[in-house]
Amino acid sequence: MRIVVGSANPVKKAAVEAVVGDATVDAIAVPSGVPEQPRGHAETIAGAQTRAWEAFDTGGDESAVYDYGVGLEGGVASFDGADDLYLVMWAAVTDGVRVGRGAGPSVRLPSRVAVRIRNGEELGPVMDDVLGTDDIAKKEGAAGALTGGRIDRETALSTAVAGAFGPFVSELY
Ligand SMILES: O=c1[nH]c(=O)c2ncn([C@@H]3O[C@H](COP(=O)(O)OP(=O)(O)OP(=O)(O)O)[C@@H](O)[C@H]3O)c2[nH]1
């Protein structure tokens, strides 16, 4: 089986590899069609889906090359019943016909981070600034830093990928 991930971020490729067994996984940067920092679930889902289709299409018409295209998108969003802003992550998988979607964990952003995101900054650079790190989004991610290392970005994203593969691996859909 051959799978393509729509991102050059190695954490996203690793998150897919963690859930697809011995498939070959390629990774390629593609447009997401949404801003660098998606806001709200709808925009984050749209980014994941566009990445999945764009990645799949790199395999040619009706993808002669890939069985599945996968898109992963990090965003910030709120939930009914909670006033805070959360880091959210969504995955989309397509086989060229159908699309599966899955979400990862949601982690509350500290107010000093949330205020900067609300003012237009992007989460990754804000986290690097607050933590004094360099490219944390390619390592443990905000998810790792905000949970004291109890999860990391790869495992968080892999949860979303597993959910998005549901319709392709379970008879229940
Ligand atoms: O889902 C996430 N889990 C994390 O633990 C995390 N830590 C930081 N970020 C940031 O969220 C923004 C959108 O992310 P994103 O999906 O656009 O990814 P990215 O910019 O890292 O890669 P890519 O655009 O090259 O694929 C970017 O500022 C990332 O830096 C995270 N997102």
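**Figure 1. Pairing of β4 with β6 and β5 in the predicted model.** Strand β4 (82-94) pairs in the antiparallel sense with β6 (residues 107-108) over two bridges. Strands are DSSP runs of type E with at least two residues, helices are runs of H or I with at least four residues, and both are numbered from the N terminus. Two strands count as paired if DSSP finds at least two bridges between them. Opposite tyrosine 86 stands arginine 108 of β6. With β5 (residues 99-103), β4 forms five bridges, again in the antiparallel sense, and alanine 103 in β5 is the bridge partner of tryptophan 90. Four residues lie between β4 and β5 in their hairpin, where glycine 96 in the turn has a positive phi of about 95°. The model is predicted: local features need pLDDT of at least 70, side-chain atom pairs count only at pLDDT 80 or more, and totals for chains, interfaces and linings use all residues. Residue numbers start from 1 along each chain as its sequence is written.

**Figure 2. The hairpin of β3 and β4.** The antiparallel strands β3 and β4 are joined by ten bridges. Phenylalanine 79 faces alanine 82 of β4. Two residues separate the strands in this hairpin, and glycine 81 adopts a positive phi near 90°.

**Figure 3. The shell around the ligand.** Twenty residues surround the ligand, and those that come nearest are Ser7, Gly74, Gly124, Ala137 and Gly141; a residue is near a molecule or strand if its C-beta atom, placed from the backbone, lies within 6 Å of it. Two or more residues of the shell come from each of β3 (68-79), β4 (82-94), α4 (123-131), α5 (141-146) and α6 (153-164). By residue class, the shell holds ten nonpolar, six polar and four charged residues. Here Ala, Val, Leu, Ile, Met, Phe, Trp, Tyr, Cys and Pro count as nonpolar, Asp, Glu, Lys and Arg as charged, and the others, Gly among them, as polar.

**Figure 4. Aspartate 135 in the loop between α4 and α5****.** Although it is not a glycine, aspartate 135 has a positive phi of about 60°. Aspartate 135 is exposed, because 12 other C-beta atoms lie within 10 Å. A residue is exposed if 12 or fewer other C-beta atoms lie within 10 Å of its own, buried if 20 or more do, and partly exposed in between, with C-beta atoms placed from the backbone.

**Figure 5. The largest nonpolar core.** This core comprises 45 residues, of which Val70, Ala91, Leu157 and Val161 have the most contacts inside it. The elements β1 (2-5), α1 (10-17), α2 (41-57), β3, β4, α4, α5 and α6 each supply at least two of its residues. The largest contribution to this core, eight residues, is that of β4. A nonpolar core is a set of buried Ala, Val, Leu, Ile, Met, Phe, Trp, Tyr and Cys residues joined through C-beta atoms within 7 Å. Apart from neighbours within four places in sequence, valine 70 is in contact (C-beta atoms, placed from the backbone, within 7 Å) with Ile3, Val5, Gly6, Val16, Ala52, Ala55, Ala91, Val93 and Val161.

**Figure 6. Packing of helix α1.** Val11, Lys12, Lys13, Ala15 and Val16 are the buried residues of α1. These residues pack against β1, β2 (24-27), β3, α5 and α6.

Methods:
Two residues are in contact if their C-beta atoms, placed from the backbone, lie within 7 Å.
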